Amino acid sequence: MSVRSKKIWFGVALWGVIVLPTALLATMLTLVWQEMFGPMPTFEELENPKSNMASEVFSEDHVLLGTFHIENRTFVSFEDISPNLIRALLATEDVRFAHHSGIDTQGLLRVLVRTIALGERNQGGGSTITQQLAKNLFPRTNNEYDSPLEKYGHLFVVKLKEWITAVRLERNYTKNEIIAMYLNVIPFGSNAFGVNAAAQTFFNKHPMQLNVDESALLAGIVNAPTRYSPVRNYESATARRNFVLRQMVRADYLSPESYAALSEQPITLRYQQQDHNTGLATYFRERVRQIMNARYPHPSHYSTTAAYEVDLAEWEGNPLYGWCHKNKKPDGTSYNVHRDGLKIYTTINSKMQQYAEESLVSHLKNTLQPALNDEIKAKGGKIFGASMSSREEEESLLRAIKQTERYRTLRSAGLSMSQIMENFRKPTGMTIFTWQNGEVEVNMSPLDSLKHYKSFLRASFMAMDPRTGYIKAYVGGPNFKYFKYDLAKQSKRQIGSTIKPFLYTLAMQEGYDPCYRVPNIPQTFVEGDTTWTPKNASASAYDGKIVTLKWGLSHSVNNISAWLIKQFNPHSVVDICHKMGIVSYIPPVNSIFLGTADVSLYEMVNSYATYANKGVRVMPIMVTRIEDRNGNVLSPVGATRKTEAISEQTAYLMTNLLQSVVNSGTAVRLRNAYRLTGQIGGKTGTTQDQSDGWFMGITPQLAGGVWVGCEDRTTHFESLRTGGGSNSALPIFGLFMQKVYADPSLHISVSAQFEVPSNMRSFNLNCDTHESSESAPSRKKRVDEEFF
């Protein structure tokens, strides 16, 4: 071939290999820039890229309790990320990051020549960190294509868009900001989006605390979160971590000696997947989420007028109720707790919350549940009360079956009742929760699974500061993953004798005092054509004698409560209950003092807190403030709402009465078994057949309450000794207070005292609990004289 021919062929090759592709690429870039192939991210979108940011829920002592999220992602700044992770990322993903402007031409040539032409697979990809950020901020669409040409043509256009977006990102942000943005948006697997969630999930650390090998592991996961997951694929994750460490050596970020030592170390995790079922205060967090998302109440959505009026009052008076719909973002839309990255600061104290959860679980797991299991075993596996007939048991189980999702699915599929029951009796593989072994894989029928969970004791606990209304601890059940129903606020159960202090409050309000003497004899009520005489729970040496009101309450004697209800009336008791903090409906009947009304633990704790707060009712507060993702306070939500329910003198007299319950009455176990000192008032409560056990307690600085029972009231302890509130509920309060008093950082003091009112009239409060130095007639005469 002549020299001329060679020149011609060289020119053609030059045009074909370099000039024409370059011209075509330039043309395509221009067309893409001009949005001829669809819109590009706007300047505003580049300045404020949209991504699903988790809202964080914090305790009052600045502990992250958990998040509300679709993607578990919270942002951290560049300064809050460990330099180890930055180096590991750069060494692996973009070693020339500091020297390019979004597109690394050397990297592209390396991919073209060494990876594609020579087949070397260890050279890495050609995408820069900025390009990967562009892809994550503005993700590709997953369309279906009619031909490979259409598919690859679309991918080519998308790639060009990412190039242009990367360049524009480099113009709008500093290098440090780009790295931080990248680490904040990328997925790490295990429901962890962004480095903050990843560090918490895999190592229970803040990103700044990550060491070299932990950083190498996370930098390696980025490439393929499932393939390199240290939880699912340990060996692959180890190999990938070591690859990252070698890359750090090549980039002079790590010495060969350090590599040799680190590469031999096993991967050490403190793994806990961050979801709504884990962490502290799971029930509390869910309650906050529901309250914030509440919508304006409409009467048509309620079965009773009373329930509608309660929620309407909350909407109008509680800033937190419906917060997401009451407050609008700058664009006029409602806030979304799962996407908008809010910071929600609550009243919960993380230590008190931990103590409450530990106390509840410990008592159920180690004491109560084994006792109930022994009773069920002694009855031949019968989970319901001994007095329940076989037919009643079948009806109860059938009601439970009809409440399940399995039943609804089978019914929708057209199966008959007999076919459904056959399905429920057929064993199948499933995971169940047990106290002793946690989650267990078993082969069990759905019907037996229902029986298994019906035999589980449930419990709830709540403690609040009576002065501020701040809820310090809130436990809605034993395990949120398996028992979602909130037994602290949603559930309402019969309250038993815990209602009696409200009746005694009427007496103190009307001029009686704790040492006032009354006859301990049965009281008969005439109701129409019938009569009714309530009985005491057990016989006493003081039956038929004159006793003090203090003795009557401390031993929860029905004779005394019946005598008091005759002095006043059921409607007056209902009124005082509502003033104190109970919003549930209470039937105004003579038997009101037996506590057959259904009330939530939340209401009961709020009511008892009124005694400790000098008669002033303070509404419970869950959240003190809410900030946006940038730390701007959006609206105040922690304002105290309070009303005077009873006089300060009446409240003080009631604290004296309630202390007698702890010092010498049904709650004396707090002194004897749990060795609690200081001023503590309380009241036990037990409902019929021991279906519910209650304990309400107050100190000068805390008010708390416990409920214990099974899901179905027909599953219960057979004896008052094991199922009574003093044995089922009181120990949880006792264990909690032991931990609280032992922690000086909480500033809950044993020496704190209920303050005596400055205008307190002279009363003899130190009388023996069953007698008084003054006769009933003369006492009544003196009280009347003082009253008028």
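**Exercise 1. The sheet that holds Met 462**

Find which residue of S7 stands opposite Met 462, and describe the sheet around this pair.

Solution.
Step 1. In this predicted model, Met 462 stands opposite Tyr 474 in S7.
Step 2. The two strands involved are S6 (residues 457-464) and S7, which run antiparallel and are joined by four bridges.
Step 3. S6 and S7 belong to an open sheet of five strands with antiparallel pairing, and its order is S7-S6-S20-S19-S18.
Step 4. At the edges are S7 (471-475) and S18 (681-686), each of which pairs on one side only.
Step 5. From one strand to the next, the twist averages 5°.
Step 6. Helix H24 (residues 601-612) packs on this sheet and touches S6, S7, S18, S19 (692-698) and S20 (703-710). The direction of H24 makes about 30° with that of S19.

**Exercise 2. Surroundings of helix H20**

Determine how many of the ten residues of helix H20 are buried, and what covers them.

Solution.
Step 1. H20 spans residues 500-509, and nine of its ten residues are buried, so the helix is largely enclosed by the rest of the structure.
Step 2. The buried residues are Lys 500, Pro 501, Phe 502, Leu 503, Tyr 504, Thr 505, Leu 506, Ala 507 and Met 508.
Step 3. Their cover includes the helices H21 (549-554), H22 (558-567), H23 (570-580), H24 and H25 (648-664), together with strand S18.
Step 4. H24 and S18 also appear in the sheet of Exercise 1, where H24 touches S18.
Step 5. Just after H20 comes Gly 511, with a positive phi of about 105°.

**Exercise 3. The sheet with mixed pairing**

Give the strand order of the open sheet with mixed pairing, and say which strands stand at its edges.

Solution.
Step 1. The sheet has five strands in the order S2-S1-S3-S15-S16.
Step 2. S2 (64-68) and S16 (633-636) stand at the edges; each has a single partner strand, so one side of each lacks a neighbour in the sheet.
Step 3. The average twist between one strand and the next is 20°.
Step 4. S1 (residues 55-58) and S2 run antiparallel and are joined by four bridges. Within this pair, Phe 58 stands opposite Leu 64 in S2.
Step 5. S1 and S2 form a hairpin with five residues between them, and His 62 in the turn has a positive phi of about 65°.
Step 6. Although S2 is an edge strand, four of its five residues are buried, so S2 is largely enclosed by the rest of the structure.

**Exercise 4. Arg 285 and the helix across the sheet**

Decide whether Arg 285 counts as buried or exposed, and locate its contacts.

Solution.
Step 1. Arg 285 is in helix H12.
Step 2. H12 (residues 282-292) lies across S1, S2, S3 (343-346) and S15 (623-627), running at about 45° to S2.
Step 3. The relative accessibility of Arg 285 is 3%, under the 20% cut-off, so Arg 285 counts as buried.
Step 4. Leaving out residues up to four places away in sequence, Arg 285 touches Val 57, Leu 65, Gly 66, Phe 68, Asp 275, His 276, Thr 278, Gly 279 and Leu 280.
Step 5. One of these, Leu 65, is 220 residues from Arg 285 in sequence, yet the two C-alpha atoms are 8.0 Å apart.

**Exercise 5. A histidine in a loop**

State where His 338 lies and which residues it is in contact with.

Solution.
Step 1. His 338 lies in the loop between helix H14 (323-326) and S3.
Step 2. His 338 has a relative accessible area of 19% and is buried.
Step 3. Beyond its neighbours within four places in sequence, His 338 is in contact with Met 53, Ala 54, Phe 68, His 69, Ile 70, Arg 289 and Asn 293.

**Exercise 6. Two helices in contact**

Describe how H3 and H9 pack, given an angle of about 40° between them.

Solution.
Step 1. The axes of H3 (residues 83-93) and H9 (residues 212-221) are 8 Å apart.
Step 2. At that angle, H3 and H9 are oblique to each other.
Step 3. The crossing of H3 past H9 is right-handed.
Step 4. From H3, Asn 84, Leu 85, Ala 88, Leu 89 and Glu 93 meet Val 212, Ser 215, Ala 216, Leu 218 and Ala 219 of H9.
Step 5. Of the residues in this contact, seven are nonpolar, two polar and one charged.

Technical notes
Residues are numbered from 1 along each chain as its sequence is written. This is a predicted model: local features need pLDDT of at least 70, side-chain atom pairs count only at pLDDT 80 or more; totals for chains, interfaces and linings use all residues. Side-chain values use heavy atoms; hydrogens and water are left out. Axes are lines fitted to C-alpha atoms, for helices over the stretch in contact, and angles run from 0 to 180 degrees between N-to-C directions. Angles under 35 degrees count as roughly parallel, over 145 as roughly antiparallel, 65 to 115 as roughly perpendicular and the rest as oblique. A crossing is left-handed if the near helix is turned anticlockwise from the far one by less than a right angle, and right-handed if clockwise. Contact means heavy atoms within 4.5 Å. Ala, Val, Leu, Ile, Met, Phe, Trp, Tyr, Cys and Pro count as nonpolar, Asp, Glu, Lys and Arg as charged, and the others, Gly among them, as polar. Two strands pair if DSSP finds at least two bridges between them. Buried means under 20% relative accessible area, exposed over 50%, partly exposed in between (1.4 Å probe, protein chains only).
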